[in-house]
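Welcome! Here are some exercises to work through with the model open in front of you; try each task before you read its solution.

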Amino acid sequence: MITFTFPNEYFSPKATLECGQTFRFSPCGESAWLVLCADKACLLKEYAAEVHVSCEEADEQYFRGYFDLETDYAALLKEAEAFGVPVLFEAVRFGRGLRILNQDKAECLLSFIVSQQNNIPRIKGNLSRLCAALGEKKRFAGYDYYTFPSLERLAERDEDFYRSLGLGYRARYVAASSKKLLEEGFSSVEGKTGAELKRALTAYPGIGNKVADCISLFAFRETAAFPVDTWIARLYRENFGGAETDREKINRFFVEKFGPNAGIFQQYLFYYKRERGDAAV
DNA sequence: AGTAGACCTGAGTA
DNA sequence: ATACTCAGGTCTA
């Protein structure tokens, strides 16, 4: 095991983990979290001025990439503030230290299928049961955890099995998309970006525009992908005086407004709106 | 092209 | 108590 550090001015484990981009983490006492992705685990500990990341020695580069540590968030926040939009300014202040993760593609794809018309605590429960049922048991830093299941294990189960885990009607989508992933991998999205990538992702059963944007942003580094869910639609109405109800139009409104990094700013806006929905700004 | 209804589930609210 | 609403939506008709 090794430990590397990163200044916490632009790395807040709490904001990064609790903003709804990942569902596989758990608090370990005070200011510490066990974070899981694919078959790997790491431990985050927050101190006064820095965050300590502990993981297997071979995984250091993986987690530096996972937490997006090469990206300059000081510049991004400056860019956000320069728009002069009050709610974005507040959101960036509130979520300071939130970083966009670079997640495992298959895990992200299936997780956000489960996320539709669902709430975060239940999504976490669904996914943790999924991993316990089909994943591999491992141990890191004294903690037991389950890996995200392989596509082979996922694809051999049917809808009824996923229903038994409590996924509800999403069970059919998980079963079908797992099979498609096992058969084709990501060949249909290979080399694609932007709107083409989004369109290719919506070809997986259970993936519409919103989930395709989430996967693009969280697993394909598409920083302009701007997911529009109920919270963002509410933000659009309440904070931007928007009248459109078509979520694709709302998506275009924000992408045109906030440009190539719109998706990153979306995450701050989503986190702020969900946590502080009653706030004046 | 655009829109209503159906769809699992469990926590929260009236 | 019991019903109703809502949650990081998608699909079908």
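The C-alpha centres of domain 1 and domain 2 lie 22 Å apart. How many residues does each of the two domains bring to the contact? The contact takes 18 residues from domain 1 and 18 residues from domain 2. Keep in mind throughout that this is a predicted model.

**Exercise 1. Find the bounds of the two domains in chain A.**

Solution. Step one: look along chain A for domain 1, which covers 2-71. Step two: go further along to domain 2, which covers 105-219.

**Exercise 2. Describe the largest pocket: its volume, its lining and where the lining comes from.**

Solution. Step one: take the volume, which is about 540 Å³.

Step two: turn to the lining, which has 30 residues. Nearest the centre of the pocket are Ser 115, Asn 118, Lys 210, Asp 229 and Thr 230.

Step three: sort the lining by class. This gives 13 nonpolar, 11 polar and six charged residues.

Step four: trace the helices. At least two lining residues come from each of α5 (105-115), α6 (120-134), α11 (209-219), α12 (230-240), α13 (247-258) and α14 (262-275). The largest share belongs to α11, with six residues.

Step five: relate the pocket to the domains. Domain 1 and domain 2 each give at least three residues to its lining.

**Exercise 3. Find the largest cavity and list the residues that line it.**

Solution. Step one: count the cavities. The structure has one cavity of 30 Å³ or more, and the largest cavity holds about 30 Å³ of space.

Step two: name the lining. Gln 21, Thr 22, Phe 23, Arg 24, Gln 103, Glu 107, Ser 111 and Leu 127 surround this space.

Step three: sort these residues by class. Two are nonpolar, four are polar and two are charged.

Step four: check the domains. At least three of the lining residues come from domain 1, and at least three from domain 2.

**Exercise 4. Work out which residues lie around DNA strand B and which atoms take part in the polar contacts.**

Solution. Step one: collect the residues around DNA strand B, which are Gln 117, Asn 119, Arg 122, Arg 163, Gly 168, Tyr 169 and Arg 170. On the DNA side, sugar and phosphate make up 56% of the strand B atoms that come within 4 Å of the protein.

Step two: sort the protein residues by class. One is nonpolar, three are polar and three are charged.

Step three: look for contacts to bases. Arg 122 places a polar side-chain atom 3.1 Å from a base oxygen of DNA strand B. In Arg 170, a side-chain N or O atom is 2.7 Å from a base oxygen of this strand.

Step four: look at the sugar or linking oxygens. One of them lies 3.1 Å from a backbone N or O atom of Tyr 169.

**Exercise 5. Now do the same kind of search for DNA strand C.**

Solution. Step one: count the surrounding residues. There are 29, and the closest are Gly 20, Ile 120, Gly 208, Gln 266 and Gln 267.

Step two: divide the strand C atoms within 4 Å of the protein. Sugar or phosphate accounts for 58% of them, and bases for the rest.

Step three: check the helices and the classes. Each of α11, α12 and α14 gives at least two residues to the surface near DNA strand C. That surface has 12 nonpolar, 13 polar and four charged residues.

Step four: find contacts to the bases. A side-chain N or O atom of Gln 117 is 2.8 Å from a base nitrogen of DNA strand C. For Tyr 169, a side-chain N or O atom is 2.8 Å from a base nitrogen of this strand. Gln 267 has a polar side-chain atom 2.6 Å from a base oxygen of DNA strand C.

Definitions and conventions
Residues are numbered from 1 along each chain as its sequence is written. Chains are lettered from A and ligands numbered from 1 in the order in which they are written. This is a predicted model: local features need pLDDT of at least 70, side-chain atom pairs count only at pLDDT 80 or more; totals for chains, interfaces and linings use all residues. Side-chain values use heavy atoms; hydrogens and water are left out. A residue is near a molecule or strand if one of its heavy atoms lies within 4 Å of it. A polar contact is a pair of N or O atoms within 3.5 Å; within protein, one must be able to donate a hydrogen and the other to accept it, and residues adjacent in sequence count only if both atoms are side-chain atoms. Ala, Val, Leu, Ile, Met, Phe, Trp, Tyr, Cys and Pro count as nonpolar, Asp, Glu, Lys and Arg as charged, and the others, Gly among them, as polar. On a 1 Å grid over the protein atoms alone, a cavity is a set of points where a 1.4 Å probe fits but cannot get out, and a pocket is an open set with protein on both sides within 12 Å along at least five of seven lines; lining residues have an atom within 4 Å of a point. Grid points are joined across faces, edges and corners, and a volume is the space filled by probe spheres set on the points. Helices (H or I, at least four residues) and strands (E, at least two) are DSSP runs, numbered from the N terminus. Domain bounds come from an automatic or database domain assignment. Contact means heavy atoms within 4.5 Å.
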